[in-house]
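Here's a quick tour for someone who likes their geometry with cut-offs attached. Have a look at the model first, then read on.

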Amino acid sequence: MIVLEAPTITISTLSGTGPNYDATVSLTGLLRINLVIGSQLITGQAILAGSYTVDNEALVDGSFALTLSDLSLNLGGVLSVTAASASFTQSGGDLVIAASAATANVGVGGPSLSISATDLDLLVKADGTVALRLAGGTVALTGVPQVSLTGTGWTVAYNGTGAEATLDGVVLAADQELEAAGTATAVLAGQSLSGQVTLSSVGSTLSAAFSVVTLSLAAGATQTLTLTEGVGTLLIDAAGVAGTLTAEVDATGLVTLTDTAVSLEINTRTIAGPGLPAGPYLRVALTNATVELAGVASIEGSISIERQVGSDGVAVVLIGFADVSATAEGGTGPLLVDASGVLVIMGSGVAAYLTGTVGAGAPLGITGSAMIRFNNTGGALTRTVLLDGRSIEVSFAENEPFTVVVSNLVIDLGGVFLKGTISYSTGTAGQIFAGTGLSLFVGDGPAWQPDGSINPLARGLLITGATIGLIKVTDTYALRATGSVQLLGISGVSLTGTLAIGLNNTGGAISETIPLPGADPVAVSFTADATDIEGSLSLGLFGQTIAGDFSFVRTATGFDMSASDVSFAIVPAGASSPVASLTGGTATLVSSADGLVGAIAGAVTLDLPGVELTDGTFDLVINTTGSAATGTFGPVTDPPAGPYLRLAGSGIELDIAGQTISGDISIERSGDQVTLSFDEAAIDLGSGTLVLADITGSLTISPAGVAGRLSGTITTAPTQFTLSGAVSVAVNTTGVAVGDLPVGPYLAVVVLGASLEVDGQTLTADLAFETIPGGFQISLSRASLTLVSPDPVFSLLNGTGYLVVVGGEVAGVLSGSIRLNVPGVSVSGNLTVMLNTGAAQVTAQLLVDGLEQETIIPGGPYLRVIGSGITIDVLGQVSPATSRSKRRPPNSLSPSPTPT
């Protein structure tokens, strides 16, 4: 009902006589409205001011004027209206309240829609029902986080009369729910939507129905994506806005696209909504869309579009991809399928990456996982973007061309296999492939089994951690690759180091620099066809290491290897430095499935106390196969079956303990033992007058020197005597005794059971040779000598002594027991024989009766026999012991220089 409280009626004038009167009657009071219409309650109040005027008229013909001020209305707690003044009229029992410059608020406990500067028409029927309309207002939305709504020309309508109602010439439909509608711009999650909006109340939520919506996403002046004809409903409450609109989309600039279904998904709330992630979230979603990167590629599938402003204040448009395929410009099939990723559109260009599975349009039959990268923004790009609520780091090098990066792939290039992650693009010369961290195999493959493990039957070079650049020109290739190498399928041999591979069979020059994300670019440059496989490597075999600059040539059985600047060292166990080193070497090696055979020539230095290398050429000869090799390798012909590794030289001269040994000499290590071996070597003990030949054997090498025994034969002796017998050479250059060898430096030549003939006389003894200046000295033991003139007269037995040989002349002393060869006569005692074939006197030390005394041997030719403690038994008669001597000049002695 509508009630007028505390009414006051004032009649100010009444004059005249009938039938015409002049009169003024005033009415004031407080008008209260309290109407219940269904479930709606309309309350309100206003100050009522009215007057009735009769101007020279009959009392019933006067005019009635009624106005309201400070009007306030409330509809169901949802709509409140205020007006400074309003008019109040009644027609046929209906009341009409009208006002201009009214203000309305639609509020649902948080969100509030304010409509100002509007016209109000309120119809109150006689039955108490109400219709209401506000028109021409300016709207603003408050109380909703990250959401604003502005517009003009808004209307608010409500009709609860149960029939059509006409207000200010506008017909309201029967049972018109309370709605606010108009043209507005809504800013949601930083994006602006413009269009027709109709707001209605649903409990504590406002329902905003949009139609003819437009949304423009721009990145600088180069790219726009515009949504038009958008329709849909968003729900608004105190937490924010959520909902989905559908629209049409148009893209111009760097990227164009077509679509069959477009939706605009919005959620400004901090919690997820039905089918929407937690906000702030605004995304344009397209299914079955085609995105065209002009001159680069087309991408088809489900995409999403959004605009973001980074911390640097630069706006970008993001296109997110899900379950898309990508085809290069002019391609015959997709490069990538089942892919996802992001496209960043900036004012200067676009940057994109996608990850997925390699499609049928990929070259070389590539399969595996792949990524497409592209950047033409004019500079490097590192940016964090939000995609579907996820923070994603987008990083690109400056101006990356359209590149496909493929992982987990294996490519067979006719014996050259690539495995790993590569990038694919198109360059000036042809199709370009590049990558880092790859594996590359050159040889007889395949290198890998289906499970990714190494094929045990593969034989060749495996390069890992490789950086490669590959150009494909029709069906030919140019390849540059570097990486860490290992050798597969060659028994007993290992290879380490960095290997560089260059292959070009395109038939012409190639020059291309390929950029790599996060790495230095790869230069693929050739002036003509070429094959080069080389690197600074270490070859390991039998526990030894050979280092050098290696190059490889493929053969039917494996690889031929050549190397320069080769170094090799032999280090005894427990030593800190090598005892033998080869440097500046050159190598030729042949590989097969059975192993490696070859030789390395170079300069050798020794670091052995008491041993000096004076002349000769060495080769490191290798055979790792299980059978003898055929051919000549350095100084070795047909090397024996492996394991065989020997630093061998021919014509080598070694100075050991002051004595020169020449011949074929080798140094080798087996396990922890290092040996110095001799074959067909010789020792010249007397300037050509006494030569030991056919010397064989080995000496043990340690950091302190060498020690051991050799064997040989005597091939040359002084012309005055002949000598034969088995030769043993004892050597010790160390500072300690080794076994039965005395402290070095020590070198002694021993002839066991030697036969020495001097001037027709025969001496048998064990001989030990030692060198002296200008010649040598022979020590004798277990000697026997029989003097013949012309028949045997007597013999010397168990003799000891020495001979000095200088300049071809012989001088010496021999002592022992005697035996007389005369019938009926026996002689016992000691006998000393002194000999000198030279003219110069010789002074020596002689052991007499266990005491060493100086002995002078006169210049010769000289031969003297001295007896001591002699007992002579002649036919049973014994003469007392005495000393006797006999001097017999030799028949063929000649003068000689004085010994030193």
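What follows covers salt bridges, aromatic rings, a strand pair and a glutamate's surroundings.

This is a predicted model, so local features need pLDDT of at least 70 and side-chain atom pairs count only at pLDDT 80 or more, while totals for chains, interfaces and linings use all residues. Residues are numbered from 1 along each chain as its sequence is written, and side-chain values use heavy atoms, with hydrogens and water left out.

**Salt bridges**

Take a salt bridge as a side-chain nitrogen of Lys or Arg within 4 Å of a carboxyl oxygen of Asp or Glu. By that rule the count is 6. The table shows some of them.

| Pair | N to O distance |
|---|---|
| R269 and D237 | 3.2 Å |
| R646 and E668 | 2.7 Å |
| R709 and D740 | 2.7 Å |

For placing these, helices (H or I, at least four residues) and strands (E, at least two) are DSSP runs, numbered from the N terminus. For accessibility, buried is under 20% relative accessible area, exposed is over 50%, and partly exposed is in between (1.4 Å probe, protein chains only).

Start with the salt bridge between R269 and D237. It links distant parts of the chain: D237 belongs to strand β15 (residues 223–237), R269 sits in the loop between β18 and β19 (281–293), and the two are 32 residues apart. Both R269 and D237 are buried.

Next comes the salt bridge of R646 with E668. R646 is in strand β43 (residues 644–656) and E668 in strand β44 (residues 659–670), with their positions 22 residues apart in the chain. R646 is partly exposed at a relative accessible area of 25%, whereas E668 counts as buried at 18%.

Then there's R709 with D740, again a salt bridge. R709 lies in strand β47 (residues 705–716) and D740 in the loop between β48 (721–732) and β49 (746–758), so the pair ties together parts that are 31 residues apart in sequence. With 41% relative accessible area R709 is partly exposed, and D740 is exposed at 62%.

**Aromatic rings**

Rings of Phe, Tyr and Trp (its six-membered ring) pair if their centres lie within 6.5 Å; planes under 30 degrees apart are stacked, over 60 edge-to-face, and the rest tilted. That gives 2 aromatic pairs. F550 and F552 are stacked, because their ring centres are 6.5 Å apart and their planes sit at 25°. F550 is buried at 1% relative accessible area, and F552 is buried at 3%. F552 also pairs edge-to-face with F559, since the centres are 6.1 Å apart and the planes at 85°. F559 is buried too, as is F552. Ring pairs join F550, F552 and F559 into a cluster.

**A strand with two faces**

In a regular strand the side chains alternate between the two faces of the sheet. Strand β12 (residues 179–188) does this: A180, G182, A184, A186 and L188 point to one face and are buried, while E179, A181, T183, T185 and V187 point to the other and are not. Two strands pair if DSSP finds at least two bridges between them. Strand β9 (residues 147–159) pairs with β12 in the antiparallel sense over 9 bridges. One bridge partner is A184 of β12, matched with G151.

**Around E265**

Is E265, in strand β18 (residues 261–267), buried or exposed? At 13% relative accessible area, E265 is buried. Leaving aside neighbours within four places in sequence, E265 is in contact (heavy atoms within 4.5 Å) with G243, T244, L276, Y281, L282, R283 and A285.
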